[in-house]
Amino acid sequence: KIPGDSVAGVSLVQSDASTKVTEGGATDTFTLALKTQPTGVVQITLQADAQLSLDKPSVAFAPDSSNADIPQWDVPQTITVTAADDAIAEGDHTGTVALTTSSSDTDYDQLTVESLTVAITDNDQPGLKIVETDNVTQVTEGGDGDELKISLLTQPATAVTVTLTNVDGEVGADPTALTFDAQNWNVPQSVQVNAVNDQDLE
């Protein structure tokens, strides 16, 4: 930095004092600038985790306005943050943006910069997708059965078992349990449905 200036540092300003994004929806922004005038160009590299993406991988700042391609050190540069729109039901969670610096100015080279924590609103709700043959399930005692196709609506973090129970004694399912994981959660599994052939007049 130039003698007489304050301590070198990076100024990170969040919109509305926080950074909040929504999967498949709202993005947010923050700005970066330098706190003091450097003696050389300063590059800030931005690295988002798997929960986020950024509209630029890095920004650079020049000591003054003589460089037509690089903004002056005290001119804020805007970065847009977007949530990764995955299929995992995680609930509201967070992502992180790490910042590192490099420069010929030793005060700004490998400067410690605090990471940015981003609040993420999830758009995935766990549940079952059940597809009926011809949009209806019809079975006959002692006769024809029917078929269901079952899958999950979102990718699970761990294996999920779906148990099919004959609650009223009128129909049975085969198989009675289905297992889904991160690889097959959206692959429909077949269930054969049959009426219980009892002697009751119903």
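User: What is the bridge partner of Val 131 in β11?

Analyst: Lys 149 in β11 is the partner. This is a predicted model. The bridge belongs to the pairing of β10 (residues 128-132) with β11, which run antiparallel.

User: How do you know that β10 and β11 count as paired?

Analyst: At least two bridges are needed for a pair of strands. β10 and β11 are joined by five bridges. The requirement is met, so the two strands count as paired.

User: What pairs with β11 over five bridges in the antiparallel sense, besides β10?

Analyst: β15 does. One bridge there puts Asp 146 opposite Val 193 in β15.

User: Why is β11 called largely enclosed?

Analyst: Buried means under 20% relative accessible area. Five of the seven residues in β11 (residues 146-152) are buried, so the rest of the structure largely encloses this strand.

User: Why does Val 191 count as buried?

Analyst: The cut-off is under 20% relative accessible area. Val 191 has 0% relative accessibility, so Val 191 is buried. The residue sits in β15 (residues 189-195). Leaving aside neighbours within four places in sequence, its contacts include Asp 146, Leu 148, Ile 150 and Pro 175.

User: What is special about the peptide bond that joins Asp 174 and Pro 175?

Analyst: The bond is cis, with omega about 0°. Pro 175 itself lies in the loop between β13 (171-174) and β14 (177-180).

User: How do you know that the chain is not a compact globule?

Analyst: Set the radius of gyration against the globule rule. A compact globule of 202 residues would have a radius near 17 Å, but this chain has 28 Å. The C-alpha box is roughly 100 × 25 × 25 Å along the principal axes. As an example of the distances involved, the C-alpha atoms of Val 191 and Ala 48 are separated by 42 Å. These two residues are 143 apart along the chain.

User: What makes up the secondary structure?

Analyst: The chain has 15 strands and zero helices.

User: Why are β2 and β6 called edge strands?

Analyst: Five strands form an open, mixed sheet in the order β2-β9-β8-β4-β6. β2 (20-22) and β6 (58-61) each have a single partner strand, so one side of each has no neighbour in the sheet. Neighbouring strands here are turned by 25° against each other on average, direction ignored.

User: How do you know that β4 and β8 are paired?

Analyst: The minimum is two bridges. β4 (residues 42-48) and β8 (residues 93-103) share seven, so they pass. Their sense is antiparallel. Ala 48 stands opposite Val 97 in β8.

User: What makes β1 and β5 the edge strands of the four-strand sheet?

Analyst: That open sheet has the order β1-β3-β7-β5 and antiparallel pairing. β1 (10-14) and β5 (52-54) each pair on one side only. The twist averages 30° from one strand to the next. Five bridges link β1 with β3, and Leu 12 stands opposite Leu 32 in β3.

User: Which residues touch the most other members of the largest nonpolar core?

Analyst: Leu 32, Leu 34, Ile 44, Leu 52 and Phe 61 do, in a core of 26 residues. β3, β4, β6, β7 (77-83), β8 and β9 (116-121) each give two or more residues to this core. Another core, of ten residues, lies apart from it, with Leu 148, Trp 185 and Val 193 among its members. Back in the largest core, Ile 44 touches residues including Leu 32, Leu 34, Phe 61 and Leu 99.

User: What makes the Thr 36 and Tyr 108 pair a polar contact?

Analyst: The N or O atoms must be within 3.5 Å. The two side chains are 2.7 Å apart, so the distance passes. Thr 36 lies in the loop between β3 (28-34) and β4. At 1% relative accessibility, Thr 36 is buried.

User: Why does Ala 17 count as exposed?

Analyst: Exposed means over 50%. Ala 17 has 66% relative accessibility, so the label fits. Ala 17 is in the loop between β1 and β2. Its phi is positive, about 65°, although Ala 17 is not a glycine.

User: Is Gln 110 buried or exposed?

Analyst: Exposed, with a relative accessible area of 56% against the cut-off of over 50%. Gln 110 lies in the loop between β8 and β9. Here too a non-glycine has a positive phi, about 55°.

How values were computed: Residues numbered from 1 in each chain as written. Predicted model: local features only at pLDDT ≥ 70, side-chain atom pairs only at ≥ 80, totals over all residues. Heavy atoms only, no water. Axes fitted to C-alpha atoms, helices over the stretch in contact; angles between N-to-C directions. Buried < 20%, exposed > 50% of the residue type's maximum accessible area, 1.4 Å probe, protein only. Polar contact = N/O pair within 3.5 Å; in protein donor to acceptor, adjacent residues only side chain to side chain. Contact = heavy atoms within 4.5 Å. Core = buried A, V, L, I, M, F, W, Y, C linked by side-chain atoms within 4.5 Å. Rg over C-alpha atoms; globule rule 2.2 N^0.38 Å.
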